[in-house]
Amino acid sequence: MITRSLIDKIRDRLNKGKAIVLVGPRQVGKTTLVNSLLKDISYLFLDGDDSVVMDTLANANTETLRNIIGEFKYVFIDEVQRIPNIGLKLKIIVDQIKEVQVIVSGSGFGYS
């Protein structure tokens, strides 16, 4: 019941020109929730635990971000707290690549 309520709230906020950020303790179902929300949608999944993803995003400029995202309209970045300077990267995506909906999740914001 809680999951359905959260999915509905997130779905209502999709494509409004803002990043959607899910934070909370580890192992509470954030990733499962987003995967469930996007199950019928083509989306790019980026795992912040992956060192290549971490390094690439940490050093990405606008053009690099455009190349990574490609034709995807939805981008889900999991474990976002592990990526240095991620706030700036999210701002670039929201401000410069407006047709993309970004959803991020993480647990390293004082909830671990």
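**Reading a predicted protein chain**

In this predicted model, the protein chain holds five helices and four strands.

User: In what order do the helices and strands follow one another along the sequence?

Analyst: Read along the sequence, the protein chain runs through the pattern α-β-α-β-α-α-β-α-β.

User: What makes the protein chain as compact as a globular protein of its length?

Analyst: The radius of gyration of the protein chain is 13 Å, and the globule rule gives 13 Å for 112 residues, so the chain is as compact as a globular protein of that length. Taken along the principal axes, the C-alpha atoms fill a box of roughly 40 × 30 × 20 Å, and buried residues make up 38% of the 112 residues.

User: Why is Leu44 called buried?

Analyst: A residue is buried when its relative accessible area is under 20%, and Leu44 has a relative accessibility of 14%, so Leu44 counts as buried. This residue is found in strand E2, which covers residues 44-47. Leaving aside its neighbours within four places in sequence, Leu44 is in contact with Ile68, Ile69, Phe72, Tyr74, Val75 and Phe76.

User: Why does Leu22 count as buried?

Analyst: Set against the cut-off of under 20%, the relative accessibility of Leu22 is 15%, and therefore Leu22 counts as buried. Leu22 lies in strand E1, residues 20-23, and, apart from neighbours within four places in sequence, its contacts are Ile10, Lys30, Leu33, Val34, Val104, Ser105 and Gly106.

User: How do you know that the buried residues of H2 line one face of the helix?

Analyst: Helix H2, which spans residues 30-37, has Lys30, Leu33, Val34 and Leu37 as buried residues. Seen down the axis of H2, these buried residues fall within an arc of 95°, so they line one face of the helix. In general, an α-helix has 3.6 residues a turn, so residues three or four places apart point the same way.

User: What share of the contacts between residues at least 6 apart in sequence joins residues at least 24 apart?

Analyst: Among those contacts in the protein chain, 82% join residues at least 24 apart.

User: How far apart in space are Leu44 and Gly70, C-alpha to C-alpha?

Analyst: Leu44 and Gly70 are 9.1 Å apart in space, C-alpha to C-alpha, with their places 26 residues apart in the numbering counted as their separation in sequence.

User: How much surface does the protein chain expose, and what do carbon and sulfur atoms supply?

Analyst: The protein chain exposes about 6,800 Å², of which carbon and sulfur atoms supply 50%.

Notes. Residues are numbered from 1 along each chain as its sequence is written. This is a predicted model: local features need pLDDT of at least 70, side-chain atom pairs count only at pLDDT 80 or more; totals for chains, interfaces and linings use all residues. Side-chain values use heavy atoms; hydrogens and water are left out. Helices (H or I, at least four residues) and strands (E, at least two) are DSSP runs, numbered from the N terminus. The radius of gyration is taken over C-alpha atoms; the globule rule is 2.2 Å times the number of residues to the power 0.38. Buried means under 20% relative accessible area, exposed over 50%, partly exposed in between (1.4 Å probe, protein chains only). Contact means heavy atoms within 4.5 Å. Accessible areas come from the Shrake-Rupley method with a 1.4 Å probe; for residues, only the protein chains shown count as cover. The arc is that of the directions from the helix axis to the C-beta atoms.
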